[in-house]
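Student: Before we talk through the strands and the core, could the sequence and the model be put up for both of us?

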Amino acid sequence: MPNQPQIAVITPTGLRPKRRRYLTDLYESLLAQDVAWEWIIAPNGRQADLRTIPPAIAADPRVKICARPDPGAAPARNTALNYVSAPYLCYADDDDILPAHSLAVRYHRAVETGLGWVAGMSADLKRNGDLTTWDCATPVGLHDPGEVWTYWPSPQDGKPPLGHTMLLTRTVIARAYGGHGGLTKGEDYVFVMSITGNAAGELLPDITYHYRHHRGQWTKQSRYRDKAEYDARTFAWNQGQALREVRHEPTLIG
């Protein structure tokens, strides 16, 4: 079937008024893609009013909306997996943008190689419209399962060396390895370690994600980097280390 979605894009959102126009920007960037897609929007939190979803988005048959009254990006991202029908998936935040080739370049490379995941580079979208490529610690090229973790020296050294919105992976792999865990923040760190720790993949030199900078960005708030965020980084780092140990010592799991 020519219109059968090949990629699901999952977006958790609180439907906050100041970010609503960004959601429309993301939708318009999806319309520019040349691979068949489905968009799973996961409103979460009791303040997320579904009536505020822009009419054009709500009316698009490619859009599925799965609301969760309880807050939290991790359960929203994981619950959204129940609605995916496409063989591949990726995640996009409600305030970011996908370049026109974003889905196609990753999807076609994944199909061509049979790899479990394919990622592209991310660029910071500044308020003045300038783009600056994120300095990713993981080098461009092929990576064995567990190799990405080796570019993350310790939990104290910032976030994982690959962004979770950079990744496109097989849906079955995302489901098999537990999605985003259940953390209140830093759930994306767990996803990166789960996918790259269990499957071989490749980082492409193409920019496939625009990470928008704005005043309401949650991860840029002074209170974001707290004990819970550090614990999430430590959990994900330990997870990546454990996955490598288990892979190199299969007897550990019988």
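Tutor: Two strands pair if DSSP finds at least two bridges between them, while helices (H or I, at least four residues) and strands (E, at least two) are DSSP runs, numbered from the N terminus. This is a predicted model, in which local features need pLDDT of at least 70, side-chain atom pairs count only at pLDDT 80 or more, and totals for chains, interfaces and linings use all residues. Residues are numbered from 1 along each chain as its sequence is written, and side-chain values use heavy atoms, with hydrogens and water left out.

Student: In strand 6, which residue is the bridge partner of Asp124?

Tutor: Strand 5 pairs with strand 6 (residues 131-133) in the antiparallel sense, over three bridges. The two form a hairpin with five residues between them, and Gly129 in the turn has a positive phi of about 95 degrees. Within strand 6, the partner of Asp124 is Thr132.

Student: Which residue of strand 9 does Trp117 stand opposite?

Tutor: Strand 5 and strand 9 (residues 201-212) are paired in the parallel sense over eight bridges. In strand 8, by contrast, Trp117 has Thr169 as its bridge partner, and strand 8 (residues 167-170) runs antiparallel to strand 5, joined by three bridges. In strand 9, the residue opposite Trp117 is Gly201.

Student: Which element gives the largest share of the largest nonpolar core?

Tutor: A nonpolar core is a set of buried (under 20% relative accessible area, 1.4 Å probe, protein chains only) Ala, Val, Leu, Ile, Met, Phe, Trp, Tyr and Cys residues joined through side-chain atoms within 4.5 Å. Of the 35 residues in the largest one, those touching the most other members include Trp117 and Met193. The largest share, six residues, comes from helix 6.

Technical notes. Buried < 20%, exposed > 50% of the residue type's maximum accessible area, 1.4 Å probe, protein only.
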